[in-house]
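Okay, thanks for coming, everyone. Let me put the structure up and then talk you through how its chains meet.

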Amino acid sequence: MRPGFGEQLIAEGDVDVVEEEQALIEEFRRQLDQGMWAAVPITRADGRREAEMVRAFEEIPRDTGRVIFFPRAAGGAA
Amino acid sequence: MIVALSATAIVVLALLWEIAMPWIDRRLEARRARRAARRAGDAGAAYDPGRERRAEQRARELLKSCVNEEEWAMYRDLGFLRVWGGQSDADGELRGVDYAYLIYPHKPIVAYLPQTGRLLNEYCVEFPDETRPYGSPRLPDSDDVLAKWMALRGDERRIISQANLHLPGRQIDPRQIQRDLWRLSRWERERLARAMRADAPRLAEPADG
(Lines give C-alpha, C1' and ligand atoms only; values in the text may rest on other atoms or scores of the structure.)
Protein backbone atom coordinates (compact mmCIF):
# COMPACT_ATOMS: atom_id res chain seq x y z
CA MET A 1 0.00 0.00 0.00
CA ARG A 2 1.39 3.33 -0.99
CA PRO A 3 0.02 6.62 0.33
CA GLY A 4 -1.73 8.49 -2.42
CA PHE A 5 -1.71 5.52 -4.76
CA GLY A 6 -3.04 2.51 -2.91
CA GLU A 7 -2.15 -1.02 -3.85
CA GLN A 8 0.84 -1.51 -6.12
CA LEU A 9 2.52 -4.72 -7.21
CA ILE A 10 6.13 -4.63 -6.01
CA ALA A 11 7.39 -8.05 -6.97
CA GLU A 12 6.10 -11.45 -7.88
CA GLY A 13 7.67 -14.82 -8.29
CA ASP A 14 7.63 -18.51 -7.49
CA VAL A 15 9.34 -19.46 -4.23
CA ASP A 16 10.10 -22.87 -5.70
CA VAL A 17 12.38 -21.27 -8.27
CA VAL A 18 15.65 -20.36 -6.56
CA GLU A 19 16.36 -17.15 -8.50
CA GLU A 20 12.82 -15.89 -8.06
CA GLU A 21 12.82 -16.73 -4.36
CA GLN A 22 16.07 -14.82 -3.92
CA ALA A 23 14.58 -11.80 -5.68
CA LEU A 24 11.54 -11.97 -3.42
CA ILE A 25 13.75 -12.19 -0.33
CA GLU A 26 15.73 -9.13 -1.42
CA GLU A 27 12.57 -7.15 -2.10
CA PHE A 28 11.10 -8.23 1.23
CA ARG A 29 14.19 -7.01 3.07
CA ARG A 30 14.26 -3.78 1.08
CA GLN A 31 10.68 -3.01 2.04
CA LEU A 32 11.36 -3.68 5.72
CA ASP A 33 14.50 -1.55 5.54
CA GLN A 34 12.36 1.28 4.23
CA GLY A 35 10.29 1.06 7.38
CA MET A 36 7.36 -0.92 6.05
CA TRP A 37 5.44 -3.55 7.95
CA ALA A 38 4.55 -6.81 6.26
CA ALA A 39 1.37 -8.80 6.73
CA VAL A 40 0.09 -12.02 5.24
CA PRO A 41 -3.66 -12.50 4.84
CA ILE A 42 -4.58 -16.05 5.81
CA THR A 43 -7.69 -18.18 5.94
CA ARG A 44 -8.11 -20.49 8.93
CA ALA A 45 -9.39 -24.03 8.67
CA ASP A 46 -12.85 -22.85 9.76
CA GLY A 47 -12.90 -20.30 6.95
CA ARG A 48 -12.18 -17.26 9.11
CA ARG A 49 -9.90 -14.72 7.53
CA GLU A 50 -7.07 -13.40 9.63
CA ALA A 51 -3.73 -11.69 9.15
CA GLU A 52 -0.26 -12.48 10.38
CA MET A 53 2.42 -9.88 10.78
CA VAL A 54 5.76 -11.19 9.55
CA ARG A 55 9.21 -9.84 10.34
CA ALA A 56 11.31 -12.27 8.37
CA PHE A 57 10.89 -13.95 5.01
CA GLU A 58 11.06 -17.36 6.67
CA GLU A 59 7.91 -16.54 8.65
CA ILE A 60 5.85 -16.29 5.48
CA PRO A 61 3.83 -19.46 4.88
CA ARG A 62 5.16 -21.15 1.74
CA ASP A 63 1.73 -21.46 0.23
CA THR A 64 0.70 -17.85 0.72
CA GLY A 65 -0.37 -15.96 -2.34
CA ARG A 66 0.66 -12.48 -1.32
CA VAL A 67 2.39 -10.35 1.25
CA ILE A 68 1.06 -6.87 1.89
CA PHE A 69 3.42 -4.07 2.88
CA PHE A 70 2.18 -0.93 4.53
CA PRO A 71 3.86 1.98 6.29
CA ARG A 72 4.89 1.37 9.86
CA ALA A 73 2.38 2.60 12.43
CA ALA A 74 3.19 5.71 14.39
CA GLY A 75 1.32 7.58 17.07
CA GLY A 76 -0.86 10.20 15.50
CA ALA A 77 -2.56 13.46 16.49
CA ALA A 78 -0.77 13.67 19.83
CA MET B 1 -20.39 59.16 5.83
CA ILE B 2 -17.09 58.51 4.09
CA VAL B 3 -15.54 57.37 7.33
CA ALA B 4 -18.40 54.96 7.91
CA LEU B 5 -18.15 53.58 4.37
CA SER B 6 -14.39 53.23 4.71
CA ALA B 7 -14.76 51.40 8.00
CA THR B 8 -17.34 49.08 6.45
CA ALA B 9 -15.08 48.44 3.47
CA ILE B 10 -12.18 47.61 5.79
CA VAL B 11 -14.33 45.20 7.76
CA VAL B 12 -15.56 43.53 4.55
CA LEU B 13 -12.01 43.22 3.26
CA ALA B 14 -10.84 41.76 6.54
CA LEU B 15 -13.65 39.19 6.49
CA LEU B 16 -12.91 38.28 2.88
CA TRP B 17 -9.26 37.89 3.76
CA GLU B 18 -10.15 35.53 6.60
CA ILE B 19 -12.29 33.45 4.26
CA ALA B 20 -9.77 33.45 1.43
CA MET B 21 -6.69 32.62 3.48
CA PRO B 22 -7.34 28.87 3.93
CA TRP B 23 -8.13 28.54 0.21
CA ILE B 24 -4.95 30.39 -0.74
CA ASP B 25 -2.96 28.25 1.69
CA ARG B 26 -4.32 25.07 0.13
CA ARG B 27 -3.52 26.27 -3.38
CA LEU B 28 0.02 27.21 -2.39
CA GLU B 29 0.51 23.90 -0.61
CA ALA B 30 -0.68 21.95 -3.67
CA ARG B 31 1.60 24.00 -5.89
CA ARG B 32 4.58 23.36 -3.63
CA ALA B 33 3.80 19.62 -3.61
CA ARG B 34 3.60 19.53 -7.43
CA ARG B 35 6.92 21.37 -7.72
CA ALA B 36 8.54 18.99 -5.24
CA ALA B 37 7.20 16.02 -7.19
CA ARG B 38 8.58 17.43 -10.44
CA ARG B 39 11.96 18.05 -8.81
CA ALA B 40 12.01 14.48 -7.56
CA GLY B 41 11.49 13.36 -11.13
CA ASP B 42 8.58 11.21 -10.12
CA ALA B 43 6.20 11.29 -13.04
CA GLY B 44 3.68 9.18 -11.13
CA ALA B 45 3.37 11.84 -8.46
CA ALA B 46 2.22 14.52 -10.90
CA TYR B 47 -1.24 15.82 -10.29
CA ASP B 48 -3.90 13.44 -11.47
CA PRO B 49 -7.45 14.26 -10.42
CA GLY B 50 -8.60 10.64 -10.73
CA ARG B 51 -5.67 9.08 -8.95
CA GLU B 52 -7.06 9.11 -5.45
CA ARG B 53 -10.42 7.80 -6.58
CA ARG B 54 -8.78 4.92 -8.42
CA ALA B 55 -6.54 4.28 -5.42
CA GLU B 56 -9.60 4.09 -3.18
CA GLN B 57 -11.34 1.70 -5.57
CA ARG B 58 -8.29 -0.57 -5.53
CA ALA B 59 -8.08 -0.26 -1.77
CA ARG B 60 -11.71 -1.34 -1.37
CA GLU B 61 -11.09 -4.40 -3.52
CA LEU B 62 -8.02 -5.28 -1.49
CA LEU B 63 -9.90 -4.82 1.78
CA LYS B 64 -12.75 -7.00 0.53
CA SER B 65 -10.31 -9.74 -0.43
CA CYS B 66 -8.67 -9.78 3.00
CA VAL B 67 -11.41 -9.38 5.62
CA ASN B 68 -14.32 -11.68 6.38
CA GLU B 69 -17.55 -11.33 4.46
CA GLU B 70 -19.36 -9.99 7.53
CA GLU B 71 -16.64 -7.43 8.15
CA TRP B 72 -16.70 -6.27 4.56
CA ALA B 73 -20.48 -5.88 4.67
CA MET B 74 -20.12 -3.94 7.94
CA TYR B 75 -17.63 -1.53 6.42
CA ARG B 76 -19.63 -1.17 3.21
CA ASP B 77 -22.89 -0.49 5.06
CA LEU B 78 -21.72 1.39 8.15
CA GLY B 79 -18.35 2.90 7.21
CA PHE B 80 -16.37 1.29 10.02
CA LEU B 81 -15.16 -2.11 11.19
CA ARG B 82 -15.41 -3.85 14.54
CA VAL B 83 -12.55 -6.07 15.58
CA TRP B 84 -12.65 -8.15 18.74
CA GLY B 85 -9.75 -7.60 21.09
CA GLY B 86 -7.41 -10.25 22.39
CA GLN B 87 -7.54 -12.32 19.19
CA SER B 88 -3.81 -12.23 18.54
CA ASP B 89 -2.75 -12.34 22.17
CA ALA B 90 -0.38 -15.28 22.03
CA ASP B 91 0.26 -15.59 25.76
CA GLY B 92 -3.42 -15.40 26.56
CA GLU B 93 -3.13 -12.57 29.06
CA LEU B 94 -6.04 -10.70 27.53
CA ARG B 95 -8.18 -13.67 26.59
CA GLY B 96 -11.54 -13.94 28.28
CA VAL B 97 -12.03 -10.18 28.40
CA ASP B 98 -14.71 -9.11 25.96
CA TYR B 99 -13.58 -5.87 24.46
CA ALA B 100 -13.53 -4.70 20.91
CA TYR B 101 -12.23 -1.96 18.67
CA LEU B 102 -13.93 0.24 16.16
CA ILE B 103 -11.81 1.05 13.14
CA TYR B 104 -12.60 4.22 11.25
CA PRO B 105 -10.64 5.47 8.24
CA HIS B 106 -8.10 8.09 9.30
CA LYS B 107 -9.49 8.37 12.79
CA PRO B 108 -8.31 6.85 16.06
CA ILE B 109 -9.05 3.23 16.89
CA VAL B 110 -11.69 3.20 19.61
CA ALA B 111 -11.68 0.49 22.28
CA TYR B 112 -14.96 -0.28 24.05
CA LEU B 113 -16.84 -2.88 26.05
CA PRO B 114 -19.53 -4.46 23.86
CA GLN B 115 -21.70 -5.60 26.78
CA THR B 116 -22.16 -2.13 28.19
CA GLY B 117 -21.12 0.12 25.33
CA ARG B 118 -18.64 1.79 27.64
CA LEU B 119 -15.85 3.53 25.76
CA LEU B 120 -12.36 2.72 27.00
CA ASN B 121 -9.75 4.58 24.97
CA GLU B 122 -8.84 6.19 21.71
CA TYR B 123 -5.66 4.90 20.09
CA CYS B 124 -4.36 7.50 17.67
CA VAL B 125 -2.30 5.85 14.99
CA GLU B 126 -1.14 6.82 11.51
CA PHE B 127 0.76 5.11 8.74
CA PRO B 128 3.13 7.78 7.47
CA ASP B 129 5.24 7.04 4.42
CA GLU B 130 8.83 7.54 5.52
CA THR B 131 10.32 6.66 2.15
CA ARG B 132 9.61 10.05 0.60
CA PRO B 133 11.77 12.96 1.68
CA TYR B 134 9.12 15.63 1.18
CA GLY B 135 6.27 13.77 2.78
CA SER B 136 3.33 12.36 0.91
CA PRO B 137 -0.44 12.07 0.92
CA ARG B 138 -2.04 9.60 3.26
CA LEU B 139 -3.21 6.08 2.51
CA PRO B 140 -6.58 5.68 0.80
CA ASP B 141 -9.38 5.30 3.36
CA SER B 142 -9.86 1.58 2.83
CA ASP B 143 -6.11 0.93 2.95
CA ASP B 144 -5.95 2.75 6.28
CA VAL B 145 -8.75 0.52 7.59
CA LEU B 146 -7.05 -2.60 6.23
CA ALA B 147 -3.70 -1.65 7.75
CA LYS B 148 -5.35 -1.22 11.15
CA TRP B 149 -7.29 -4.48 10.73
CA MET B 150 -4.17 -6.45 9.80
CA ALA B 151 -2.14 -4.91 12.58
CA LEU B 152 -4.83 -5.59 15.19
CA ARG B 153 -5.41 -9.12 13.96
CA GLY B 154 -1.76 -9.91 13.49
CA ASP B 155 -0.09 -8.16 16.39
CA GLU B 156 -2.51 -6.23 18.56
CA ARG B 157 0.05 -5.47 21.23
CA ARG B 158 2.49 -4.00 18.73
CA ILE B 159 0.11 -1.51 17.15
CA ILE B 160 -1.41 -0.51 20.46
CA SER B 161 2.05 0.15 21.85
CA GLN B 162 2.82 2.39 18.84
CA ALA B 163 -0.37 4.42 19.19
CA ASN B 164 -0.92 7.52 21.25
CA LEU B 165 -3.38 6.69 23.98
CA HIS B 166 -6.14 9.15 24.79
CA LEU B 167 -9.36 9.13 26.73
CA PRO B 168 -12.53 8.78 24.65
CA GLY B 169 -13.71 12.00 23.09
CA ARG B 170 -10.34 13.41 22.17
CA GLN B 171 -10.94 13.20 18.41
CA ILE B 172 -14.21 11.39 17.92
CA ASP B 173 -17.35 12.65 19.57
CA PRO B 174 -18.50 9.95 22.04
CA ARG B 175 -22.09 10.62 20.93
CA GLN B 176 -21.13 9.66 17.40
CA ILE B 177 -19.55 6.43 18.65
CA GLN B 178 -22.63 5.60 20.72
CA ARG B 179 -24.73 6.25 17.66
CA ASP B 180 -22.47 3.98 15.60
CA LEU B 181 -22.70 1.25 18.23
CA TRP B 182 -26.47 1.51 18.08
CA ARG B 183 -26.34 1.33 14.25
CA LEU B 184 -24.05 -1.68 14.51
CA SER B 185 -26.38 -3.56 16.87
CA ARG B 186 -29.36 -2.81 14.60
CA TRP B 187 -27.37 -3.88 11.55
CA GLU B 188 -26.44 -7.16 13.23
CA ARG B 189 -30.04 -7.85 14.24
CA GLU B 190 -31.26 -7.25 10.70
CA ARG B 191 -28.50 -9.41 9.28
CA LEU B 192 -29.35 -12.22 11.70
CA ALA B 193 -33.04 -11.94 10.85
CA ARG B 194 -32.25 -12.15 7.14
CA ALA B 195 -30.08 -15.21 7.72
CA MET B 196 -32.86 -16.88 9.73
CA ARG B 197 -35.43 -16.11 7.04
CA ALA B 198 -33.12 -17.61 4.44
CA ASP B 199 -32.69 -20.73 6.54
CA ALA B 200 -36.39 -21.10 7.40
CA PRO B 201 -37.53 -22.92 4.21
CA ARG B 202 -34.70 -25.39 4.57
CA LEU B 203 -35.56 -26.11 8.20
CA ALA B 204 -39.23 -26.47 7.34
CA GLU B 205 -38.58 -29.31 4.88
CA PRO B 206 -39.53 -32.71 6.32
CA ALA B 207 -36.63 -34.94 7.19
CA ASP B 208 -36.11 -38.00 5.00
CA GLY B 209 -36.83 -41.44 6.40
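**Where chain A meets chain B**

So, the area buried between chain A and chain B comes to about 3,400 Å², and carbon and sulfur atoms give 55% of that. Keep in mind that this is a predicted model. If you're wondering why I start with an area, the size of an interface is often given as the accessible area lost when the parts come together.

Who takes part? Chain A puts 30 residues into the contact, and chain B puts in 44 residues.

Now the polar side of things. Across the interface of chain A and chain B there are eight residue pairs in polar contact, with both residues at pLDDT 80 or more. As for salt bridges, the count between the two chains is two. One of them to look at on the screen: Glu50(A) and Arg153(B) form a salt bridge, and their closest N and O atoms are 3.5 Å apart.

Let's stay with chain A for a moment. On its side touching chain B, the elements giving two or more residues are strand 1 (36-43), strand 2 (49-54), strand 3 (68-71) and strand 4 (74-75). Which of the strands gives the most? That's strand 2 of chain A, with five residues. Sort the residues on that side of chain A by type and you get 15 nonpolar, six polar and nine charged.

One last thing, and it's about strands pairing across the chains. Strand 4 of chain A runs antiparallel to strand 4 of chain B, residues 118-126, and two bridges join them. If you want a spot to zoom in on, find Gly75(A), which stands opposite Val125(B) in that strand of chain B.

How values were computed:
Residues numbered from 1 in each chain as written. Chains lettered and ligands numbered in written order. Predicted model: local features only at pLDDT ≥ 70, side-chain atom pairs only at ≥ 80, totals over all residues. Heavy atoms only, no water. Contact = heavy atoms within 4.5 Å. Buried area = accessible area lost by both parts, 1.4 Å probe. Salt bridge = Lys/Arg side-chain N within 4 Å of Asp/Glu carboxyl O. Polar contact = N/O pair within 3.5 Å; in protein donor to acceptor, adjacent residues only side chain to side chain. Helix = DSSP H or I, 4+ residues; strand = E, 2+ residues; numbered from the N terminus. Nonpolar A, V, L, I, M, F, W, Y, C, P; charged D, E, K, R; others polar. Pairing = 2+ DSSP bridges.
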